[in-house]
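Please open the model in a viewer and keep the sequence panel visible. The tour below proceeds by selection, from the whole chain to individual side chains.

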Amino acid sequence: MTDPEESVTILEQLSKMGVLVSVDDFGTGYSRMSYLRRFPVDKLKIDRAFISEIMTRPDDASIVRAIVSLAHSLRLKVVAEGVETGDQLDFLKSLGCDQYQGFHYSTPVSAAAFAELLRRQQHDEPTFEESETERTHSKLAIYRTA
């Protein structure tokens, strides 16, 4: 991000190729609100620091609620990082959070175990829903055919 103009160019090229772009650790570090209007972004990943205490810290719950609302108003998907409990998951679902990562689902797995998981899931459920293309904010959306 030391050269934002070059970053925009690269991200737009990647978007045209079909690569989806996520802003990782949104709400901390170098992630800025201005990135949401300057870069072709598809998803915001809420930093685990906000998720870990959403059940005990009202301020964290309010921040997560605001991030989900902001993202959805911009037609972005929201990924919650660090989901470890059923209560956290239920709260995030109530907000309309789109995707979840964390130990609640699985501890880290080897590449071979992950490949096997993907093979099994290919036959069980679709990996792509039309609603994902409808909500995306990325310039990628204009390159998809109906």
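Colour the whole chain by secondary structure: from the N terminus on, the elements run α-β-α-β-α-α-β-α-β-α-α. The chain holds seven helices and four strands; helices (H or I, at least four residues) and strands (E, at least two) are DSSP runs, numbered from the N terminus. The model is predicted, so local features need pLDDT of at least 70 and side-chain atom pairs count only at pLDDT 80 or more, while totals for chains, interfaces and linings use all residues. Residues are numbered from 1 along each chain as its sequence is written, and side-chain values use heavy atoms, with hydrogens and water left out.

**The whole chain**

Switch to a surface display. The accessible surface of the chain comes to about 9,400 Å², and 52% of this belongs to carbon and sulfur atoms; such areas come from the Shrake-Rupley method with a 1.4 Å probe, and for residues only the protein chains shown count as cover. Of the 146 residues, 32% count as buried, where buried means under 20% relative accessible area, exposed over 50%, and partly exposed in between (1.4 Å probe, protein chains only). Among contacts in the chain with a separation of 6 or more, 53% are between residues 24 or more positions apart; a contact means heavy atoms within 4.5 Å.

**The sheet**

Return to the cartoon and select the four strands. They form an open sheet in the order β1-β2-β3-β4, with parallel pairing. β1 (22-26) and β4 (99-100) are the edge strands, each with a single partner, so one side of each has no neighbour in the sheet. Two strands are taken to pair if DSSP finds at least two bridges between them. In general, strands of a sheet pair through backbone hydrogen bonds, either parallel or antiparallel.

Proceed across the sheet one pair at a time:

- β1 and β2 pair in the parallel sense over three bridges; select Ser 22 and its bridge partner in β2, Lys 43.
- β2 and β3 pair in the parallel sense over four bridges; here Lys 45 stands opposite Val 79 in β3.
- β3 (residues 77-80) and β4 pair in the parallel sense over two bridges; Ala 80 stands opposite Tyr 100 in β4.

Now show the side chains of β2. Lys 43 and Lys 45 point one way from the strand, Leu 44 and Ile 46 point the other way, and all are buried. Then add helix α4 (residues 58-73), which lies across β1, β2 (43-46) and β3 and runs at about 175° to β2. That angle is taken between N-to-C directions, on a scale from 0 to 180 degrees, with axes being lines fitted to C-alpha atoms, for helices over the stretch in contact.

**Salt bridges**

How many salt bridges are there? The count comes to six, a salt bridge being a side-chain nitrogen of Lys or Arg within 4 Å of a carboxyl oxygen of Asp or Glu.

Select Asp 24 and Lys 45 first. They form a salt bridge whose closest N and O atoms are 3.9 Å apart. The pair links distant parts of the chain, since Asp 24 is in strand β1 and Lys 45 in strand β2, 21 residues apart. Asp 24 is partly exposed, with a relative accessible area of 41%, whereas Lys 45 counts as buried at 16% relative accessibility. Add Glu 81 to the selection: Asp 24, Lys 45 and Glu 81 are linked in a network of salt bridges.

Next, select Asp 98 and Lys 77, which form a salt bridge with closest N and O atoms 3.9 Å apart. Asp 98 lies in the loop between α5 (86-95) and β4, and Lys 77 in strand β3, so the pair ties together parts that are 21 residues apart in sequence. Asp 98 is partly exposed, with a relative accessible area of 22%, and Lys 77 counts as buried at 11%.

**Helix α6**

Finally, select residues 111-124, which make up helix α6. Glu 116 and Arg 120 meet there through their side chains in a salt bridge (3.7 Å, N to O). Because they are four residues apart in helix α6, about one helical turn separates them. Glu 116 counts as partly exposed at 35% relative accessibility, and Arg 120 is partly exposed, with a relative accessible area of 49%.

Which residues make the nonpolar surface patch of about 330 Å²? Select Val 109, Phe 114, Leu 117 and Leu 118. Patches are made of residues with over 30% relative accessible area and no salt bridge, like charges being joined within 9 Å and nonpolar side chains (Val, Leu, Ile, Met, Phe, Trp, Tyr) within 5 Å. Leu 117 belongs to helix α6 and counts as partly exposed at 31% relative accessibility.
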